[in-house]
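Visitor: Could you take me through one part of this model in close detail, and then follow the threads outward from there? I would like each term given with its cut-offs.

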Amino acid sequence: MERVRKKSRNPESEGTVKQDLEMRASSFLASALPASSYRGVISASVHGTWRSTPKMIFDAHEEAPFENHDNQIHPDFQGWPQDAILEKARVLCKLWPCLMKRLSDSSNPFPRFMNKFFRIFNLVRLSLFQIGFGIMLGFVQDILNRVMIKELFLPATIALGLISLKELLAILGVKVWAGNLSDRYAIFGYRRTPYVLIGLVSCIVSFILAPTTAYEVRLDGTGSLVSIIFSALGDVGLWKLSAIFLVFGFGLQVATTAYYALIADMVDEKDIGKIAGASWTLMVLTAIISNYSIGSYLKVFTPERLTQVAEIGGLVALTFGLIAVLGVERRNAGVGVHKEKHSIPFSQAIRLLASSPNTMLFALYIFISIFALFANEVVMDPFGAEVFGMQVSETTKLFKPVMGGTQLIFMLLTGFLLSRIGTRRGAYFGNVFGAVGFGLIIAAGFMHDVQFLRIALVVTGIGLGAASVSNITMMMNMTAGRSGIYMGLWGTAQSLAIFIGHSSAGVIRDLVFHFSGNHMLAYAAIFVLEIIAFTISSLVLPHVSREAFEAESAEKMLELEAAAEAG
């Protein structure tokens, strides 16, 4: 079809442009379709229903073009060779959206305004999703964790082990499985939204049940190691609580994997940094506000109040989750340019990772970076209590608001600056400030200087904020057009890092304190390990190449497809 030349937009030429486009559309459709169908298409176009017209005429995905409601070939197409019908369908499918968009936009600026409005509206909505997980994770990792250890006298190894189950599931492949499943199988025409909702509901139900079930555990952590092990094996309440944490972890991995794949599918690359920054910013802000509010409510502590907090938090998480994702994804949406390509089974995904040096390198980078960012997550409040002698209210008002608040601000700033500075510079900036910050925390601990500690927490928060957004954005950009499977792989590396970071921090703390009897040395060993991780991350980063990764991915996928066909 002859290319339509652009004409200058002015009131005198609007009518001429529209008539010209209509004539060219008519000419094309007249050559592509029989008379009666072609007249119906042009009539639908003129009356504003052109967006759904191709679906009314044929369904190319099911190879049943131009059929009527009785599944019979339309009379206008009787006698046409099937290949000719399909070719006309493919051509019309390809050219129709661009042709009709030109026809619509040439005379009416309102659709452009509405498209921009809804795009921004959906970006804002997507950012709200992490609010619910900020509430739930803050409650589980800070408040319920403390209750299990202090009020219920569970061994810290068991309490932290239960909380770490969510990361263990990701290590076992739930993230990759969920990403691959959402690539391959749509539910009611949607590829991402159903999996997000399934995971979200699983999280909320288990989250609400967790506090009540925790009080059913009868394990006493004050006895000998042998007695604790035998008591744990026979404790029905502990098994129930383990099952609940497994369901919570399953829901978390499925929901977040599908959510990030949805972002990669629906959001322009230039906006991904903004969404990542806003989303993580809201999660940190929610954790700060909700923990502070819950702490005030639980000054008069009872198990009933703890359960009420979980119920209210679950309902709030469900509300924000539904607002964030419902209606963002289009039903039966076609695969866009530079978006999702053919997915692969889980076993092939593992072989792809093992046989691809650039994929392995980036997975290693993600592992080291996330370890550096999250290993401190479960030790800061105990550090304040055991090294500085702070009360619960003091640690609550110091660590989360100061370090978390600074992290929040720089997550937001970095997220909106990434399009200018780039993810690589953002990650370098965060790594440097993170390493320096933990060094200052160690110095503050040995000096027992609370004011210097506040400065150190601010510096550390700057690094954590910049590095976290930069690395998450880098993960979402490194998908090679296969967001589901690669986000699953990167998420698995992330979960492995968090799992090892949390569990190793507890082991290091206990071992160093056992041999030294000095709490500061125990926590200094953890912080030194994080400084080393930030340094290694900065050394690995220059070797990460998106172009090399994408070229390698395309080559490996062709090899896998060829092997599958040969097999």
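Guide: In helix α13, the buried residues are Leu306, Thr307, Val309, Ala310, Gly313, Gly314, Ala317, Gly321, Ala324 and Val325, where buried means under 20% relative accessible area, exposed over 50% and partly exposed in between, with a 1.4 Å probe and protein chains only. The model is predicted, and local features need a pLDDT of at least 70, side-chain atom pairs count only at pLDDT 80 or more, and totals for chains, interfaces and linings use all residues. Residues are numbered from 1 along each chain as its sequence is written, and side-chain values use heavy atoms, with hydrogens and water left out.

Helices here are DSSP runs of H or I with at least four residues, numbered from the N terminus. The expected span of a helix is 1.5 Å times one less than its number of residues, so the 23 residues of α13 should cover 33 Å, which agrees with the 33 Å between its end C-alpha atoms. Val316 belongs to this helix, which runs over residues 303-325, and counts as partly exposed because its relative accessible area is 29%. Although 184 residues separate Val316 from Gly132 in sequence, their C-alpha atoms are 6.7 Å apart in space. Just after α13, Gly327 adopts a positive phi of about 90°.

Helix α11 (residues 236-266) can be read in the same way: at 1.5 Å a residue, its 31 residues should span 45 Å, and its end C-alpha atoms are indeed 45 Å apart. Of those 31 residues, 23 are buried, so that α11 is mostly covered. At its N-terminal end, Asp235 acts as a cap, with a side-chain oxygen 3.0 Å from the backbone nitrogen of Gly237.

Lys240 in α11 leads to the salt bridges, each a side-chain nitrogen of Lys or Arg within 4 Å of a carboxyl oxygen of Asp or Glu, of which the whole structure has 2. One of them joins Glu216 to Lys240, with the closest N and O atoms 2.7 Å apart. Because Glu216 lies in the loop between α9 (193-214) and α10 (225-233) while Lys240 lies in helix α11, this pair ties together parts that are 24 residues apart in sequence. Glu216 is partly exposed at 31% relative accessibility, and Lys240 is partly exposed at 40%. A salt bridge also links the side chains of Glu167 and Lys166, at 3.8 Å from N to O; Glu167 is buried at 6% relative accessibility, and Lys166 is buried at 3%.

Turning to the interior, a nonpolar core is a set of buried Ala, Val, Leu, Ile, Met, Phe, Trp, Tyr and Cys residues joined through side-chain atoms within 4.5 Å. The largest such core has 124 residues, and Phe139, Met148, Phe383, Leu453 and Trp490 have the most contacts inside it. At least three of its residues come from each of domain 1 (122-332) and domain 2 (343-566), the domain bounds being taken from an automatic or database domain assignment. With contact meaning heavy atoms within 4.5 Å, and residues up to four places away in sequence not counted, Trp490 touches Thr359, Phe362, Ala363, Ile366, Met475, Met478 and Phe549.

Finally, Asn477 is found in helix α18 (residues 450-477) and is buried at 14% relative accessibility. Asn477 and Arg546 are 69 residues apart in sequence, yet 8.3 Å apart in space, C-alpha to C-alpha.

Definitions and conventions: Helices (H or I, at least four residues) and strands (E, at least two) are DSSP runs, numbered from the N terminus. A polar contact is a pair of N or O atoms within 3.5 Å; within protein, one must be able to donate a hydrogen and the other to accept it, and residues adjacent in sequence count only if both atoms are side-chain atoms.
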